[in-house]
Amino acid sequence: MTALAVDLDRRPDTGAAYDVVAQVHLGVFYTGVGPQLVWSDPDGLDHTAVSTYLRIVQLLERGLFDAFFLGDGQRVRENRGRIHDLDPSGRPDAITQLSALASVTHRIGLVATQNATYNHPAELSRRLAGLDLLSGGRAGWNIVTTDNAWTGANFRAGAWLPHERRYERAAAFAATATALWQSWGADVPVEAHSELVRTTARATVPPSPQGRPVLFQSGDSSGGRDLAAAHADVVYSLNTEFDSAVSYAKDLRTRLRACGRSVDSVRILPGATVILGATEAEATDKARWVLEQQMSPPRALAFFEQFWGTDLSGYDPHGPLPDIEPSPDELDPSRGTITPERRTGKTALIASWRAMAAERRLSIVQLAREVGTRRAPFVGTPGRVADQFAHYVRTRAADGFNLGPHTIPSSLEDVVNLLVPELQERGVYRSAYTGSTLREHLALPAPAGAAS
Ligand SMILES: Cc1cc2nc3c(=O)[nH]c(=O)nc-3n(C[C@H](O)[C@H](O)[C@H](O)COP(=O)(O)O)c2cc1C
């Protein structure tokens, strides 16, 4: 995990004009599972208690955030066929959790990740419309396709649909859900008769003050980007480093134009981790501590077990990589612990890791810290990070960030108490909510054809 280096003098072509009055939009993406959440923080809260969620969402509302955003999954993470017991585990449905949070908040947007592979459009659009109406127009839907077959094998449709066909279904799903939201009061039902989505349905919930839920999209392949260009209001990408944020933004805006949409009709919010300190040195020390907790020695072994498919508990995490070959079972694409390209390219990936470890004399745990953590963090004083955020939004490399917390609640308290005032001082962050809906917070245009 290397801290981001951002050159504040560069104004590259991002497919949109430099905007001196651009604003930073902030959300928090709370996965509920996974190594990024540090359990060992002595001041940490219970990661699955409802009181934790209430406290976080109220803190974020005090910090004038656009959205609180939950990941979702219909099967918990596993390692070698058992529940991954080093992770926070157990995943209540995101819409259910957000409905509870709607009742104790007034402004903040509430975004539920729900996949378009193992749900039904009439059923899911009704539940999302319910959250949207009951929250006064604050709901969002993060459209994902889910990157593994074994989720489906947990219940319902089994292991079905290859990667590209999931996006075909997601596009038909989003079009059907949108048509249903727009159809309130219509005389005839909405009909969908494609190969992957078949339904005849009438809307059951009137539109909220924002017309319909705001559509987020996460998924970075060409199919994912096309889905975003056709349907999304917000994209959550993992292209956070400045150069990759620039090329992602340019590519997405080219796709938006090809769909006949304005480049300002979609907000781009890459994932980001923020680690703040009173001095640069203090922030760097904290970043080192966070990384050590996220990728502890037992977790490093579990990380590599997901690639080797073998029990590695007999290996010393401070010693060299195992010299054995991975189990062939791990190449089975129905296993869901790692991304598809990593699964299929695993042999090459392991060879490249061996080369990196040999060249830099890295132990198992040191290598896992290099290759096993996802987000490059913004590390520094609040002022320095605020300058970087301002640069991203003014150049339109991004419109803001989805922050991934590492310690709960302290990493988010730092952002609200230390970073937000610095952003406000630079004129890139609101000093009060000016609207009441998520769509208004994001300064998005009204949805086409919205029912009222
Ligand atoms: C930033 C990000 C967040 C994601 N969050 C979830 C999630 O919460 N639940 C889920 O089932 N899939 C999630 N996905 C996986 C996507 O649904 C998708 O299956 C995966 O990224 C593979 O598609 P791609 O090749 O287009 O990236 C996420 C993907 C990204 C990039």
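These notes cover the ligand shell, two annotated residues and one helix pair in a predicted model.

1. Ligand shell. The ligand has 18 residues around it. Those that come nearest are Gly71, Val144, Gly219, Ser221 and Gly224. By class, twelve residues of the shell are polar, three are nonpolar and three are charged. Strand 5 (109–115) supplies at least two shell residues, and so does helix 6 (222–231).

2. Record annotation. An unreviewed UniProt entry lists Asp72, Thr113, His163, Tyr167 and Ser221 under "binding site". Ser221 is also among the residues that come nearest to the ligand.

3. Asp72. This residue sits in the loop between strand 2 (67–70) and strand 3 (78–79). Asp72 counts as buried because it has 20 C-beta neighbours inside 10 Å. Beyond four places in sequence, its contacts are Arg91, Asp93, Ala94, Ala112, Thr113 and Gln114. Thr113 is itself listed in the UniProt entry.

4. Tyr167. Helix 5 (residues 163–182) holds Tyr167. With 22 other C-beta atoms within 10 Å, Tyr167 is buried. Setting aside neighbours within four places in sequence, Tyr167 is in contact with Thr145, Gly223, Gly224 and Leu227. Of these, Gly224 is one of the residues that come nearest to the ligand.

5. Helix pair. Helix 2 (residues 94–102) packs with helix 3 (residues 121–134) at about 10 degrees, and their axes are 10 Å apart. The angle therefore makes helix 2 roughly parallel to helix 3. Helix 2 brings Ile95, Leu98, Ser99 and Ala102 to the contact; helix 3 brings Arg127, Leu128, Leu131 and Leu134. By class, this contact has six nonpolar residues, one polar and one charged.

Notes
Residues are numbered from 1 along each chain as its sequence is written. This is a predicted model: local features need pLDDT of at least 70, side-chain atom pairs count only at pLDDT 80 or more; totals for chains, interfaces and linings use all residues. A residue is near a molecule or strand if its C-beta atom, placed from the backbone, lies within 6 Å of it. Helices (H or I, at least four residues) and strands (E, at least two) are DSSP runs, numbered from the N terminus. Ala, Val, Leu, Ile, Met, Phe, Trp, Tyr, Cys and Pro count as nonpolar, Asp, Glu, Lys and Arg as charged, and the others, Gly among them, as polar. Axes are lines fitted to C-alpha atoms, for helices over the stretch in contact, and angles run from 0 to 180 degrees between N-to-C directions. Angles under 35 degrees count as roughly parallel, over 145 as roughly antiparallel, 65 to 115 as roughly perpendicular and the rest as oblique. Two residues are in contact if their C-beta atoms, placed from the backbone, lie within 7 Å. UniProt positions are given in the numbering used here, feature names are shortened, and annotations may be inferred rather than shown by experiment. A residue is buried if 20 or more other C-beta atoms lie within 10 Å of its own, exposed if 12 or fewer, and partly exposed in between; C-beta atoms are placed from the backbone.
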